[in-house]
Every structure is written in C-alpha cells, then in structure tokens.
Amino acid sequence: MMRRNPPKPDAHLCTPLDGGSLAKAGRDPLHRLADRIKADSRITVLTGAGVSAASGIPTFRGPDGLWKNFRPEELATPEAFERDPRLVWEWYDWRRQFIARCKPNRAHEVLALWSQRYPKFTLITQNVDGLHERADTANVVRFHGSIWEVLCWNGCAASPKRWRDETVPFPKIPPHCPHCGGLIRPGVVWFGEGIDPVVLSCSQDALDCDIFLSIGTSSIVQPAASLIHGADANGAFTVEINVETTAAASYLDLSIQSPAEKTLEEVENLLGGLGKKNR
Ligand code: APR
C-alpha cells in the first residue's frame, strides 16, 4: 500500500570530486559508477519526480513542490475522489495540461539510451507523467500508474481494466465513462491504494541486478522506498543521484548529490557517449 515513512540519519555522502570518503579511494564517484557499467550488466533504475524537474514539472516535496500548495488527502486518495470528483479532476486535468507542454530532458534521454543499449535494463518509475515513455525508454515499469490512463470508477463490465486517454483539456469535468456513463478516475495509484500485483512482481524480479540506481526520489514513499533494500540484499551496487541527501543515503554504496540531468550526461560521456553502439 502506498504510504509515507520517517527519514533516517544519513552516513557517507559525496558530491562529484569533493573530498568525501570515496574520493580518498582514488576514484571520483562518477568514474566509480561508470567503471561498474558493463555491456552485460543487469541494471535497474528507480526514478522519482526529481528526474522530471529539469523538464519543468514540479516535484512533490521540493521547495515549490505540489504538496506545498495542495493537500494530498484532498486530491490523491480514493476518499477524496468519492467526496469531490470535480475537485480531484480539476487538479489532474490541470497537471495533464501542464505535463503535455513539457518535454523529456537529458536525464530521460540518457536513461532511454541505456535502456536501448543494455539488454538487462529495467526502469521502475514512480512518475506518472509519461516522459520516460516519450523519450522511447524500453522496459518501463509504471509503479504508480500513468496520468494518461483512466479507469471506470464503477469498474463496469463493458470497460477495459484501464485505457489510454490523452484528451487535454477534458471538455467536461468530471469526465465520464463512455461505456456506462458513470465517472472515470485517473489511472494513478493514490495514497492508501495497493500497487498492482503484476507491477510489484516485475519490480521484485528486477531487484536481482548488479547495479541499482535510485534517481530523483526522496525515498520516503513506500513501498517504492524499500526496493533499494531488496537490491542491496541481492548484492547490487546501490547508487543514489539526487540534489540532496535522502533517507536512503545511509544504506547506499554511493550517494551523488548533483542534478540527474547533469550527472547522467557525465556518466554517459565516461561510458563513451553517444557514439557507443546500441545493443
Ligand atoms: N536531479 C536529481 N534529484 C532531484 C532534482 C534533480 N534535478 N530535483 C529535485 N530532486 C530530488 C529532490 O531533492 C527530492 O529528493 O528529487 C526528489 C523528489 O522527491 P519527491 O518530491 O518526494 O518525489 P518522489 O520521491 O518521486 O515522490 C514519491 O510520492 O507524492 C507521491 O505518488 C507521488 O510518486 C510520488 C511519490
């Protein structure tokens, strides 16, 4: 079930090329990460709202984060939708219009490149914005669903389990099910709701990896925030890329405080960059 948990004290941290513990090991963090990435590496990436920040999409808990201006309990729970579907849809319709004007950034592009280049690559995203898919990323697991999908609120027999709808803006709020005339709801996972069992099992399978990258997430919301423990338990080299230290930093092998769009670009250059052949 999607929920929040308290942050933990952090331990070893490094910004690229600072005097942190790892630099003492003679290799800066970006080289240490690039050294680990081989053609047959099993790479699993978990992304959060920070990866879309450079595309202009606000994060949830950052300084101008969505949850600073809106109350999740009024907009992102089944109870809130039951209470006021118009309010909830006004907010999701506004987000859809906003996201539709945004483009994938360099972080999305490099991850898409890696998904094409490394055969054993899985990207688990908490983001519902669809920018990874728009960057042609292969093997994306949508952990919290998609803002571009909808479901019939009544779950009517005539409607598919969920379907894609890119109408921006919706001509009528709240929008209705074309099959039963009842309400439709956004195809995202709300607080208090469970993760789709198929999605959960795909994610669990992907924790059997050599490298686990946690990028642009505050590592607060469960169960996504626990995936890194599973990868760590499987012996993966665990890395965080974030502009700040998160609750996860104390468990990781490498914590890089730098924007994702810049860091992934630098690591891609160390890997031989754009010229390097895809799979
Ligand atoms: N590069 C890397 N990290 C960044 C960048 C950037 N350019 N900009 C911001 N960040 C980091 C922030 O420091 C923060 O730790 O991204 C993180 C975003 O955290 P949140 O706003 O909490 O978003 P996220 O972790 O994705 O939230 C998880 O919570 O609200 C629910 O369902 C929603 O999927 C979401 C889940």
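**View 1. Leu-213 faces Val-239 across two paired strands.** In this predicted model, Leu-213 sits opposite Val-239, a residue of strand 10. The pairing here is between strand 8 (residues 211-215) and strand 10 (residues 237-242), which run parallel and share five bridges. Keep an eye on Leu-213, as it turns up again in View 5, where it belongs to a core of 27 residues.

**View 2. Six strands make an open sheet.** Step back from that pair and you'll find strands 8 and 10 inside a sheet with the order 4-3-2-8-10-11, paired in parallel. At the edges are strand 4 (140-142) and strand 11 (254-257), each with a pairing on one side only. Going from one strand to the next, the twist averages 15 degrees.

**View 3. Two helices lie across the sheet strands.** Helix 2 (residues 29-36) lies across strands 8, 10 and 11, and runs at about 130 degrees to strand 11. Helix 7 (residues 106-117) lies across strand 2 (43-47), strand 3 (121-125) and strand 8, at about 145 degrees to strand 3. So much for the helices; next comes another strand pair.

**View 4. Strand 7 is tucked away beside strand 5.** Here the two strands run antiparallel, with four bridges joining strand 5 to strand 7. Look for Val-150, which stands opposite Pro-186 of strand 7. Five of the five residues of strand 7 are buried, so the rest of the structure largely encloses this strand.

**View 5. Trp-89 belongs to the largest nonpolar core.** This core has 29 residues, and those touching the most other members are Trp-89, Tyr-92, Ile-147 and Trp-190. Helix 3 (66-69), helix 5 (78-83), helix 6 (85-100), strand 5 (145-152) and strand 7 (184-188) each chip in at least two residues. Helix 6 gives the largest share, five residues. Zoom in on Trp-89 and you'll see that its contacts include Phe-81, Val-150, Phe-170, Ile-173, Ile-184 and Pro-186. There's also a second, separate core of 27 residues, with Ile-43, Trp-114, Leu-213 and Leu-264 among them.

**View 6. The ligand has 22 residues around it.** The closest of these are Phe-60, Arg-61, Thr-217, Ser-218 and Asn-242. On the side chain of Arg-61, an N or O atom is 2.6 Å from an oxygen atom of the ligand. A ligand oxygen is also 3.3 Å from a polar backbone atom of Gly-216. As for Glu-244, an N or O atom in its side chain is 3.4 Å from an oxygen atom of the ligand.

Key: Residues are numbered from 1 along each chain as its sequence is written. This is a predicted model: local features need pLDDT of at least 70, side-chain atom pairs count only at pLDDT 80 or more; totals for chains, interfaces and linings use all residues. Side-chain values use heavy atoms; hydrogens and water are left out. A nonpolar core is a set of buried Ala, Val, Leu, Ile, Met, Phe, Trp, Tyr and Cys residues joined through side-chain atoms within 4.5 Å. Buried means under 20% relative accessible area, exposed over 50%, partly exposed in between (1.4 Å probe, protein chains only). Contact means heavy atoms within 4.5 Å. Two strands pair if DSSP finds at least two bridges between them. Axes are lines fitted to C-alpha atoms, for helices over the stretch in contact, and angles run from 0 to 180 degrees between N-to-C directions. A residue is near a molecule or strand if one of its heavy atoms lies within 4 Å of it. A polar contact is a pair of N or O atoms within 3.5 Å; within protein, one must be able to donate a hydrogen and the other to accept it, and residues adjacent in sequence count only if both atoms are side-chain atoms. Lists of a residue's contacts leave out its neighbours within four places in sequence.
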